[in-house]
Amino acid sequence: MNTKILEQKDGKATIEWILPWDEFKTYEKKAYMKERGRFRIDGFRKGKAPKHMIENYYGKGIFYEDALNMAIADNYESIVEKNELDVVGYPSADVKTLEEGQDVVIELETEVYPEFTIENVEDIEIPLVEEEVTPEMVDLQLKQEQEKNGRQIFIEDRPAKMGDTVIIDFEGYMDGEPFEGGKDEDAELELGSGRFIPGFEEQIVGKNVGDAFDIEVSFPEDYHAKEYAGKKAIFKTVLNGITEIELPELDDDFASEISEFETLDELKEDFRKKLEESLKENIAIRDENAMVDALVAKTDFVLPEAMLEDAIDQEIKDFEYRMSQQGLTMKAYYEYTNSSEEQLRQQMKTVAEKKAKVNLTLAQAAKQLDISITDEDRETAIKEAAGGFGMDPEKFYEMAKDKNLHFMDTGILNKKTVEHLMEKVKRVKSTENTAQKEDKKTKDKE
């Protein structure tokens, strides 16, 4: 096979391939056999016309393009192996010479995986995260539990105030006429929630159960129903009821009712431990993300366009799956958001590009650090995946171990590489954060 690399730069390689004329003619014959059914020549049944008759009618090179495509498909893998190229996607072809009896000269241009080295791959610094669980965080958790266990009571002896939930009948009028969608009965509305038109909820404050009154408002200029945008309306309203949430006392009885603990102090201590565990996990995730970002920042390569498109395709597939879980088709999504697949692809581009660069960078780091995947790694990954299917890990492994699961390798390798680098990473206290904290302390004292 007569090939050579003419040029390799900026993530692309150009290969010259000289295909002997006799080999090309073999592919031309294959193209004729495959495509002859498309041609109809007078005097011959469809698909039975001789090759020379089709060429006389449609032109000598009628099968050249198909022949070239077949030749490239059959030989491309061998060409890139011979030239030791790590290619991405399929090549474009530029035919330089194609004349009867002469060798066919073709230039193949293909994208290649970027070649780069990460300098000082284990020398990575990330910001030191100095956070701790505060008493205020525990109190907030306790308050949320208190509100969760509150009970709704009806109010008869005072007017409505912000924070109350009111029960109202209303009917809206524009220019003295009722309008569609402006009427409801026994509607529940939390005052201060901002659910209704601006100014509506405020005019209920101070009213008592049984009061009938008018609420005058103007629809916002950007209101979703354009026929109402900017228009004034009067809502004839009756206040049927007022409710508020009565919160339980924060004491030992409360603690024993909502948990296995006997005292409030024990409950708070449990909250503190869980908050610390959650904070520790969040910091670990932030540290890993910061480490990976710092590692990628050490590189300087151009992401091949084919790889970027593949990454965007995967993001679209993942998004489509999430929509399907919500019972929404992509067609319905595009109609609802007044968007298109092209716009969605553009939105996904930044995330897809980052993920693709991360995968390439971690693969290179693994190569430099001599990190590889073992059968034990795959076994562990398969067993961990069992939880997602609600299956016994051992049974799941027995079922899956004989399948081709090399699609898992990228995730496994990335995980091992990240774990290795996290053992080497240096956490550095941020001087800016320190200055900000000192400044805050000074202001607090003042």
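**Exercise 1. A bridge between helices**

Task: In this predicted model, is Asp139 buried, partly exposed or exposed, and which residue does Asp139 pair with?

Solution:
- Step 1. Take the accessibility of Asp139. The relative value is 40%, so Asp139 counts as partly exposed.
- Step 2. Find the partner. Asp139 forms a salt bridge with Lys268. The closest N and O atoms are 3.8 Å apart.
- Step 3. Test that distance. The cut-off for a salt bridge is 4 Å.
- Step 4. Place both ends. Asp139 sits in helix H4 (residues 135-148) and Lys268 in helix H6, so this pair ties together parts that are 129 residues apart in sequence.
- Step 5. Check Lys268. At 29% relative accessibility, Lys268 counts as partly exposed.

**Exercise 2. A bridge within one helix**

Task: Which residue forms a salt bridge with Lys383, and by about how much of a helix are the two separated?

Solution:
- Step 1. Name the partner. Lys383 forms a salt bridge with Glu379.
- Step 2. Read the distance. The closest N and O atoms are 2.9 Å apart.
- Step 3. Count along the chain. Both residues lie in helix H10, four residues apart, which means about one helical turn separates them.
- Step 4. Add the exposure. Glu379 has a relative accessible area of 25%, so Glu379 is partly exposed.

**Exercise 3. More salt bridges**

Task: How many salt bridges does the model hold, and which residues are linked in a network?

Solution:
- Step 1. Take the total. The count comes to 32 salt bridges.
- Step 2. List the network. Salt bridges link Lys25, Glu28, Lys51, Glu55 and Lys60.
- Step 3. Look at one further pair. Lys9 bridges to Glu7, with the closest N and O atoms 3.7 Å apart. Glu7 is partly exposed, at a relative accessible area of 41%.

**Exercise 4. A buried acid without a salt bridge**

Task: Where does Glu201 lie, and what is the nearest side chain of opposite charge?

Solution:
- Step 1. Locate Glu201. This residue is in the loop between strand S8 (177-190) and strand S9 (212-218).
- Step 2. Search for a charged partner. Glu201 is buried but has no salt bridge. The nearest side chain of opposite charge is Arg195, 6.5 Å away.
- Step 3. Compare with the cut-off. A salt bridge needs a nitrogen within 4 Å of a carboxyl oxygen.
- Step 4. Look at the backbone instead. A polar side-chain atom of Glu201 lies 3.1 Å from the backbone nitrogen of Gly194.

**Exercise 5. Two surface patches**

Task: Which residues form the patch of negative charge, and which make the nonpolar patch?

Solution:
- Step 1. List the acids. Asp252, Asp253, Glu257, Glu262, Asp265 and Glu266 gather on the surface as a negative patch.
- Step 2. Assign elements. Helix H5 (252-258) and helix H6 (264-297) each give two or more residues to this patch. The largest share, three residues, comes from H5.
- Step 3. Take one member. Glu266 lies in helix H6. Its relative accessible area is 38%, so Glu266 is partly exposed.
- Step 4. Turn to the nonpolar patch. Phe389, Met391 and Met399 make a patch of about 320 Å².
- Step 5. Place Phe389. This residue is in the loop between helix H10 (375-386) and helix H11 (393-400). Phe389 counts as exposed, at 59% relative accessibility.

**Exercise 6. Positive phi in two loops**

Task: What is phi, approximately, at Asn338 and at Asp370, and where do these residues lie?

Solution:
- Step 1. Recall the background. Most residues other than glycine have a negative phi.
- Step 2. Read Asn338. Its phi is positive, near 50 degrees. Asn338 is in the loop between helix H8 (330-337) and helix H9 (341-368). At 71% relative accessibility, Asn338 counts as exposed.
- Step 3. Read Asp370. Its phi is positive too, near 60 degrees. Asp370 is in the loop between H9 and H10. Asp370 is exposed, with a relative accessible area of 69%.

**Exercise 7. Sequence against space**

Task: How many residues apart, and how far apart in space, are Val351 and Glu315, and Gln102 and Met391?

Solution:
- Step 1. Take Val351, in helix H9. Val351 and Glu315 are 36 residues apart in sequence and 8.3 Å apart, C-alpha to C-alpha.
- Step 2. Take Gln102, in the loop between strand S3 (87-97) and strand S4 (104-112). Gln102 and Met391 are 289 residues apart in sequence and 63 Å apart, C-alpha to C-alpha.
- Step 3. Add exposure. Val351 is partly exposed at 41% relative accessibility. Gln102 is partly exposed at 38%.

Note on methods:
Residues are numbered from 1 along each chain as its sequence is written. This is a predicted model: local features need pLDDT of at least 70, side-chain atom pairs count only at pLDDT 80 or more; totals for chains, interfaces and linings use all residues. Side-chain values use heavy atoms; hydrogens and water are left out. Patches are made of residues with over 30% relative accessible area and no salt bridge: like charges are joined within 9 Å, nonpolar side chains (Val, Leu, Ile, Met, Phe, Trp, Tyr) within 5 Å. Accessible areas come from the Shrake-Rupley method with a 1.4 Å probe; for residues, only the protein chains shown count as cover. Lys and Arg count as positive and Asp and Glu as negative; His and the chain ends are not counted. The place of a charge is taken as NZ of Lys, CZ of Arg, CG of Asp or CD of Glu. Buried means under 20% relative accessible area, exposed over 50%, partly exposed in between (1.4 Å probe, protein chains only). A polar contact is a pair of N or O atoms within 3.5 Å; within protein, one must be able to donate a hydrogen and the other to accept it, and residues adjacent in sequence count only if both atoms are side-chain atoms.
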